[in-house]
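I opened a new structure today and kept notes as I went. Here is what I looked up, entry by entry.

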Amino acid sequence: MLGAIIGDTVGSVYEFDNIKTKDFEFLTGRNEFTDDSVMTVAVAKAILNCKGDYTDFENQLIDCMKYYGKHYPNAGYGGTFYRWVLGNNREPYNSWGNGSAMRVSPCGFAANSLEEAEALAERSAAVTHNHPEGIKGAKAVAAAIYLARVGKTQDEIKNYITDNYYKIDFTVDQIRPYYSFDVSCMGSVPQALECFFEATDFEDAVRNCISIGGDCDTTAAMAGAIAEAYFGIPEKFKEQISYFLTDEMKEVVNDFTAEYMSK
């Protein structure tokens, strides 16, 4: 999940100022975490609270999302989600936006099987993004994370995604000149996945996302999480990102890492 937070934080500078190049400063004083990171932490906290029993996962997740949303109200949420997370409504609103996929990475890391990763992803999405495309995007990212964790190659992961989720028939270089801001799952998850499929290491996956532009903090969060599972994260980035997070967020990251990612 830390890969998602790093990707989000790196992309925060370029989300509304696309640069269309892989040549940029990775983490600087201008960067900050956004809603992608806050909601990733919320999902991780809900999973930790469940302690392996996901019977009440949806309620735990709604409580955590609303808690962190209210504690970090200026993180850059979309309008509909902002009203949901700060209000009293607990019902989903049929969104197909990429918020479901940007926050899903803890499901892929905590799962004990591919089926569980996809099931948890669907449940994590459906509390807000219960549109089929919102669920599909979350499941695709969680599946890719799980497959990366268990040693599948990039080609094997891409084949699974192509067979079950998205036909990806473009390269990063091909879409870079024209790709633009798109907050839908169908218009950003396949692009994030391809940025991972072409990556040579963790940093390269994130740089690929920034270079295509669009909603690049979110695509970088998705690709960064998958790249973490596949390549690992260089220690220098783990150290650097800690300066951007609050103590409360770091506690969740550390607890989740100890429980699910250190074994």
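**Entry 1: Y230.** I looked up Y230 and found it in helix 13, residues 216-231. The model is a predicted one, so I read each value as computed. Is Y230 buried, exposed or in between? Y230 is partly exposed, because its relative accessible area is 28%, and the partly exposed class runs between 20% and 50%. Next I listed its contacts, leaving out residues up to four places away in sequence. Y230 touches A148, K152, T153, Q154, I157 and F196. One of these partners, Q154, also came up in a polar contact search: the Y230 side chain reaches the backbone nitrogen of Q154 at 3.4 Å. I also checked Y230 against A101. They are 129 residues apart in sequence, and their C-alpha atoms are 18 Å apart in space.

**Entry 2: T128.** I moved to a loop residue. T128 sits between helix 7 (114-126) and helix 8 (132-149). Is T128 buried or exposed? It is buried, because its relative accessible area is 0% and the cut-off for buried is under 20%. I then asked which residues T128 touches, again skipping those up to four places away in sequence. The list is M65, F81, W84, P92, Y93, N94, S95 and R103.

**Entry 3: the core.** I looked for the largest nonpolar core and found 100 residues in it. Which members touch the most other members? They are M39 and I161. Helix 8 gives this core its largest share, 11 residues. I followed up on I161. Beyond four places in sequence, I161 touches A140, A144, Y166, I168, L193 and F197. A general note for this entry: in soluble globular proteins, nonpolar side chains tend to be buried together.

**Entry 4: a surface patch.** I then turned to the outside. F16, F181 and V183 form a nonpolar patch on the surface. Together they have about 330 Å² of accessible area. I placed V183 in the loop between helix 10 (172-175) and helix 11 (189-197). V183 counts as partly exposed, because its relative accessibility is 40%.

**Entry 5: salt bridges.** How many salt bridges are there? I count nine. I looked at three pairs in turn.

I began with E58 and R123, whose closest N and O atoms are 2.7 Å apart. This pair links distant parts of the chain: E58 is in helix 3 (residues 57-71), R123 is in helix 7, and they are 65 residues apart. E58 is partly exposed, because its relative accessibility is 26%. R123 is partly exposed too, at 26%.

Then I took R90 and D63, which meet at 2.9 Å, N to O. This pair also links distant parts of the chain, 27 residues apart. R90 lies in the loop between helix 4 (79-86) and helix 5 (99-102), while D63 lies in helix 3. R90 is partly exposed at 31% relative accessible area, and D63 is partly exposed at 41%.

I ended with E203 and R207, which meet at 2.8 Å, N to O. Both lie in helix 12 (residues 202-212), four residues apart, about one turn of the helix. Is R207 buried or exposed? R207 is buried, because its relative accessible area is 15%. Its partner E203 is partly exposed, at 22% relative accessibility.

Methods:
Residues are numbered from 1 along each chain as its sequence is written. This is a predicted model: local features need pLDDT of at least 70, side-chain atom pairs count only at pLDDT 80 or more; totals for chains, interfaces and linings use all residues. Side-chain values use heavy atoms; hydrogens and water are left out. Patches are made of residues with over 30% relative accessible area and no salt bridge: like charges are joined within 9 Å, nonpolar side chains (Val, Leu, Ile, Met, Phe, Trp, Tyr) within 5 Å. Accessible areas come from the Shrake-Rupley method with a 1.4 Å probe; for residues, only the protein chains shown count as cover. A salt bridge is a side-chain nitrogen of Lys or Arg within 4 Å of a carboxyl oxygen of Asp or Glu. Helices (H or I, at least four residues) and strands (E, at least two) are DSSP runs, numbered from the N terminus. Buried means under 20% relative accessible area, exposed over 50%, partly exposed in between (1.4 Å probe, protein chains only). Contact means heavy atoms within 4.5 Å. A polar contact is a pair of N or O atoms within 3.5 Å; within protein, one must be able to donate a hydrogen and the other to accept it, and residues adjacent in sequence count only if both atoms are side-chain atoms. A nonpolar core is a set of buried Ala, Val, Leu, Ile, Met, Phe, Trp, Tyr and Cys residues joined through side-chain atoms within 4.5 Å.
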